[in-house]
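Colleague: I am new to reading protein models. Could you take me through one, feature by feature?

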Amino acid sequence: MVGTKVERRSRGTLSRAQLSDALMQAPALICVTRGPHHVIEAVNQLFLHSIGGGDVIGKTMRSAFPDATEERIALLDRAFATGEPHSAKEIAETVLKEAAPRERRLLDLTVQPLKDSRGAIYGLMTHAVDVTEQVRTRQELADLALALERTNRELDSFAYAASHDLRAPLRGIANLAQWIEEDLSATDQLRSETREMLELMRLRMHRMEALIEGLLQYSRAGRAHQEPVSVDVAKLLGEVVDLLSPPPNVTIAIESDMPTLQTERPLLQQVFMNLIGNAIKHADRQDARIDITSKRVGPFYEFSVADNGPGIAPEYHDRIWGIFQTLESRDRVEGAGIGLALVKKIVESQRGRAWVESAPGTGATFRFLWRK
């Protein structure tokens, strides 16, 4: 029995020694004080280094650190008086930092009361962590966020003004073309060639207007966010198909088991509008078909829009996602070359990705990942 007590005492002494050693080597400034006047009893190496190696053992906190803030001393007083742990964030203290001269640093402090076997408070252990760099980084990020927000507002204003200023002359040209056609028709001087040229002019102007609108949407994509709402994807797709009004030769099949998501509805709607509209535009057969499906993939849903159109050669699978990129003449297939670039930008703003699987003559399947 005696041996057992000695053994337990030995283990207890070893445990306390290990705990003391761990505290002294901890990556924080640690100081142990005794009594209500906070007489310094022990400090670890990091604390000693921060004060330049001065001899502070046996001194009170006030005498050892006459420049200590009243907030820090008051924190010690409260912890000793109440027997409860106290903490403070980002307290400014003057410390040594490696070989640099003394500088003001920001510390997160925690003061833990020390009690004897009867529960009486006899001292305090102060644990301080230097958070200066984190605070600076946080402030820099906040400043960057403000600058980015200001830049985005300026870009929005510029894009709106530019689109307005560009649309105005287009409307003027369209009106002029209409007046010329009406005047020539009234005097029976409108030849078929002239009519075709005026019609081509109007088509080019409509294309230019669509290009301006596409650029405006692209500049805003992924930056303007709305509160997520519950979105029944099947219902959303029904509305998209109604808006697109596909021709009679195009059949659109929507999988019955579509999910309901908490997401930004306008963004998901825009992605489907562009992908389904793109499939309709390139449908060049009388039995054109578009199939829309979904499946769970980890934290995402994978949606696919598959068609039985002409397909896309593998060497163009990356190119088609670029802005202003089209694989066919714009006189043959109307488009501004922004739709897929807009899809990619929106999907990536939601931390997803978009890709295509296709080969010539096998149709094309556009897939994208959307967060649940």
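Modeller: We will go from the whole chain to helix packing, then cores, then single residues. Keep in mind that this is a predicted model.

Colleague: Let's begin with the whole chain. How many helices and strands does the chain have?

Modeller: The chain has nine helices and 12 strands. Its length is 372 residues, and 35% of them are buried. Look at contacts too. Take those with a separation of 6 or more: 59% of them join residues 24 or more positions apart.

Colleague: Now helix packing. How do I describe two packed helices?

Modeller: Give the angle between their axes and the distance between the axes. Try H7, residues 233–244, and H8, residues 265–281. They pack at about 50 degrees, and their axes are 10 Å apart. That angle makes H7 oblique to H8. Their crossing is right-handed.

Colleague: Which residues in H7 and H8 meet?

Modeller: From H7 come Val233, Leu236, Leu237, Glu239, Val240, Leu243 and Leu244. From H8 come Arg265, Leu268, Gln269, Phe272, Met273, Ile276, Gly277 and Ile280. Sort the residues of this contact by type: 11 are nonpolar, two are polar and two are charged.

Colleague: H8 also packs with H9. At what angle do H8 and H9 pack, and how far apart are their axes?

Modeller: The angle is about 150 degrees, with the axes 9 Å apart. Angles over 145 degrees count as roughly antiparallel, so H8 is roughly antiparallel to H9. The crossing of H8 and H9 is left-handed. On the H8 side, the contact uses Leu267, Gln270, Val271, Asn274, Leu275 and Asn278. On the H9 side, Gly339, Leu340, Leu342, Val343, Ile346 and Val347 take part. Here the types are eight nonpolar, four polar and no charged.

Colleague: Which residues in H9 are buried?

Modeller: Leu340, Ala341, Leu342, Val343, Ile346 and Val347 of H9 are buried.

Colleague: That leads to cores. What do nonpolar side chains tend to do in soluble globular proteins?

Modeller: They tend to be buried together. In this model, the largest nonpolar core has 38 residues. Phe272, Ile276, Ile292, Phe303, Phe366, Phe368 and Trp370 touch the most other members. Several elements give two or more residues to this core, including H7, H8, H9, strand E9 (288–297) and strand E12 (364–371). The largest share, eight residues, comes from H8.

Colleague: Is there a second core to look at, and what does it include?

Modeller: A second, separate core has 23 residues, among them Ile40, Met61, Ile91 and Leu124.

Colleague: Back to isoleucine 292. Leaving aside neighbours within four places in sequence, what is isoleucine 292 in contact with?

Modeller: Its contacts include Leu237, Ile252, Ile254, Met258, Phe272 and Ile276. Glu255 and Ser304 are also among them.

Colleague: Let's try a strand residue. Is threonine 365 buried or exposed?

Modeller: Buried means under 20% relative accessible area. Threonine 365 has 16%, so it is buried. It lies in strand E12. Beyond its neighbours within four places in sequence, threonine 365 is in contact with Ser304, Val305, Ala306, Trp355, Val356 and Glu357.

Colleague: Next, backbone angles. What sign of phi do most residues other than glycine have?

Modeller: Most of them have a negative phi. Now look at histidine 38: its phi is positive, near 60 degrees. Histidine 38 sits in the loop between strand E1 (29–34) and strand E2 (39–43). Its relative accessibility is 3%, so histidine 38 counts as buried. Arginine 351 also has a positive phi, near 65 degrees. Arginine 351 lies in the loop between H9 and E11. At 60% relative accessibility, arginine 351 counts as exposed.

Colleague: Last one. How far apart are proline 228 and glutamate 264, in sequence and in space?

Modeller: In sequence they are 36 residues apart. In space they are 4.6 Å apart, C-alpha to C-alpha. Proline 228 is found in the loop between helix H6 (192–220) and strand E6 (229–232). With a relative accessible area of 44%, proline 228 is partly exposed. Apart from its neighbours within four places in sequence, proline 228 is in contact with Gln262, Thr263 and Glu264.

Methods
Residues numbered from 1 in each chain as written. Predicted model: local features only at pLDDT ≥ 70, side-chain atom pairs only at ≥ 80, totals over all residues. Heavy atoms only, no water. Axes fitted to C-alpha atoms, helices over the stretch in contact; angles between N-to-C directions. Helix = DSSP H or I, 4+ residues; strand = E, 2+ residues; numbered from the N terminus. Parallel < 35°, antiparallel > 145°, perpendicular 65-115°, else oblique. Left-handed = near helix turned anticlockwise from the far one by under 90°. Contact = heavy atoms within 4.5 Å. Nonpolar A, V, L, I, M, F, W, Y, C, P; charged D, E, K, R; others polar. Core = buried A, V, L, I, M, F, W, Y, C linked by side-chain atoms within 4.5 Å. Buried < 20%, exposed > 50% of the residue type's maximum accessible area, 1.4 Å probe, protein only.
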